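Good morning, everyone, and thank you for giving me a few minutes. I would like to walk through one structure with you, going from its pockets to its surface and then to some single residues.

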Amino acid sequence: MIQKHFSYYIKHLHHDIPAGLVVFLVALPLCLGVALASGAPLFSGLIAGMVGGLVVAWMSGSQLSVSGPAAGLTVIVLNAIDHLGSFQGFLVAVVLAGVLQLVLGFLRAGAIGAYFPSAVIEGMLAAIGLILIMKQIPHAVGYDFNFEGDESYMRETALATVQALGGALKAISPGATVVSVVSLLILMLWESSFIKRVTLFRLIPGALLVVAWGIVYNLVTLRMAPEWAISSKHLVSLPVTEKPADFLQLFTFPDFSFLAKPEVYTVAFTIAIIASLETLLSLEAADKMDPLKRVAPTNRELKAQGVGNMLSGLIGGIPITAVIVRSAANINAGGQTKVSSFVHGSFLLLSVMFLARFLNNIPLSCLAAILLQTGYKLAKPKIFVEFFHKGWSQLIPFVVTIVAILLTDLLKGIAVGIVVGLYYVIRANYHAAISMTQIGDHYVLNLNKDVTFLNRARLRQYFNQIEENSTVLIDGSKTQFIDHDILETIHDFMLSAQDNNIKVEARELEGKGKIQPVPDDLKEVKALKEKGKVKALLEPETAGPLGGAGKIQAALDSKAAS
């Protein structure tokens, strides 16, 4: 695939390399923070980020999705390591989880991603944007209490976030606050139309300027105004190696003797399911944000994630998923192809081997400013206004998803949003599937689309509205499938209509359900037919406007039937 589209990737290098650098700057502290929160070695988070960028990026069918260690798995990883009693044993579970994801990909389980409603996906993005804003404010003012909180929507509650905001107000660092405020101003300026008109400025990513500003500010204040300098605990912290060869000594390998322990398979299954769901959600979200509206193949993504987790587990990395925050940062930075994700992985590798000392001078408040801008773009007021104009059926699932994610976690919030969205789908189908018009004593009952048992109550309501001595046409020409319960209800009405001198004509109902078009097997109807008191004929196929597969006419004489 790389060779086939080589020219395509070359054409977008001027966008992808700067975007990859921005994603690297965002991913670097997150990889370390997720590993720290998971109770795993710090380097295992970097390994997962490298595998996500260097391997999964090329195997994936998505051009913009970025993979790496996910904050949503921190609790699972932490409990699994504690339960198994060995990080090497946990790595075996990661490898097995990758195998399961690979199997899910070949079984085409990725199709589930197509069933997430659009309003729910948009609500998820807006919720994550709000989470980023709330959780980056403490970092922006120098209150770096929790690394994995940067993108966590699985573990921490709204109360914990509010408490962190309160704590941040009591522990403001002047230097970090100055750096973050100026960084936000730089990012806002770089989004202005004036900057975008200048070709030279467009080639320089705003995030790179922000990082350069933070490093220069801290180096200058350390010498000239130490009280305004940023302390080391508010800077990026990478493991430093004396020489590149030491890099190889940081890897950890799985202990396959744990294959004999049943609990390893339970952990593997849990990781595989949760990681797959998060990946599919992130993939749908990335497709939504893609300016070119490209749609990534979900089954291929599961296979790519499976291979990535197998490799990550084999060399000492924690589990990988497609991650929304880094994908959003990639898109907002102007990434166009999967090269940007590959560049981010390459920078992670180079940073550990050669650049650790230099990168450890980057203030976390710079990165907080970048994520604050990303969060604003995900949850800007314009999105809420757009959903308000779309109507209640879109606005309510959107808002409910946001609130549910903020109060619980990603998967629970999505589940609540899907249930609410499903209610509106059923409600719309309930009203639109069947309609009836009346002209005098003539009624036309239209089955407008596939009709299921959910529409039976409404069908009975329409039947109850039909007055005696009327003529009814039941038209099924617009539907491909009619549920057995609906056909049964129609035929029951055709039999009972005789008591009110109602004549019923049913067209194009046969062949669309398992029930017989004429209830010949009913003894009472057979007896009436033998006496000539009920007339029922099957007419051949006609070419009329309501014709088609055939037409059933049932003329039921109420006097004869009585």
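Let me begin with the second largest pocket, whose lining receives at least two residues from each of the helices α6 (118-140), α12 (262-289), α14, α16 and α17 (381-390). Please keep in mind throughout that what you see is a predicted model. Among the helices around this second pocket, α17 gives the largest share of the lining, namely five residues. The volume here comes to about 380 Å³, and of the 15 residues that form the lining, the ones nearest the centre are Glu-122, Met-289, Lys-377, Lys-380 and Ile-383. If we sort that lining by class, we find eight charged residues, six nonpolar ones and one polar one.

Now let us turn to the largest pocket, which holds about 740 Å³ of space. Its lining consists of 29 residues, and those closest to the centre are Glu-191, Arg-202, Asn-332, Ala-333 and Gly-334. Several elements contribute two or more residues to this lining, including α2 (13-37), α8 (174-190), α11 (206-224), α14 (324-332) and α16 (364-378). By class, the lining of the largest pocket is made of 15 nonpolar, 10 polar and four charged residues.

I mentioned Glu-191 at the largest pocket and Lys-377 at the second largest, and these two residues bring us to the salt bridges. How many salt bridges does the model contain by the rule used here? The count comes to four, and I will take you through some of them.

In one of them, Glu-191 pairs with Lys-377, with 3.2 Å between the closest N and O atoms. Glu-191 sits in the loop between α8 and α9, while Lys-377 belongs to helix α16, so this pair ties together parts of the chain that are 186 residues apart in sequence. Both partners count as partly exposed, Glu-191 because its relative accessible area is 35%, and Lys-377 because its relative accessibility is 23%.

Another salt bridge joins Asp-290 to Arg-294, where the closest N and O atoms are 2.9 Å apart. Is Asp-290 buried or exposed? With a relative accessible area of 3%, Asp-290 is buried, since the cut-off for that word is under 20%.

A further salt bridge is formed by the side chains of Arg-456 and Asp-485, at 3.8 Å from N to O. This pair also links distant parts of the chain, because Arg-456 lies in helix α20 (residues 456-465) and Asp-485 in helix α21 (residues 484-496), with their positions 29 residues apart in sequence. Arg-456 is partly exposed at 28% relative accessible area, and Asp-485 is partly exposed as well, at 22%.

Next, I would like to look at residues that lie far from each other in sequence. Arg-326, in helix α14, is 301 residues from Leu-25 in sequence, yet the two C-alpha atoms are 9.9 Å apart in space. Arg-326 counts as buried, because its relative accessibility is 0%. In a similar way, Phe-398, which is part of helix α18 (residues 392-407), and Pro-117 are separated by 281 residues in sequence and by 9.6 Å from C-alpha to C-alpha. Phe-398 is buried too, with a relative accessible area of 0%.

From these buried residues we can move to the surface. Which residues make the nonpolar surface patch of about 440 Å²? They are Leu-422, Val-425, Ile-426, Phe-453 and Leu-454. Ile-426, a residue of helix α19 (residues 410-432), is partly exposed, with a relative accessible area of 36%.

Finally, there are two residues whose backbone angles I would ask you to look at. Lys-293 has a phi near 55°, which is a positive value in a residue other than glycine, and Lys-293 is placed in the loop between α12 and α13 (298-315). At 54% relative accessibility, Lys-293 counts as exposed. Asn-501 likewise has a positive phi near 55° and is not a glycine; Asn-501 is found in the loop between α21 and β6 (503-507), and with a relative accessible area of 29% it is partly exposed.

That brings me to the end, and I am happy to go back to any of these places on the screen.

Terms used:
Residues numbered from 1 in each chain as written. Predicted model: local features only at pLDDT ≥ 70, side-chain atom pairs only at ≥ 80, totals over all residues. Heavy atoms only, no water. 1 Å grid on protein atoms, 1.4 Å probe; cavity = no way out; pocket = protein on both sides within 12 Å on 5 of 7 lines; lining within 4 Å. Points joined across faces, edges and corners; volume = space filled by probe spheres on them. Helix = DSSP H or I, 4+ residues; strand = E, 2+ residues; numbered from the N terminus. Nonpolar A, V, L, I, M, F, W, Y, C, P; charged D, E, K, R; others polar. Patch = residues over 30% accessible without salt bridge, like charges linked within 9 Å, V, L, I, M, F, W, Y side chains within 5 Å. Areas by Shrake-Rupley, 256 points an atom, 1.4 Å probe, with all protein chains shown as cover. Buried < 20%, exposed > 50% of the residue type's maximum accessible area, 1.4 Å probe, protein only.
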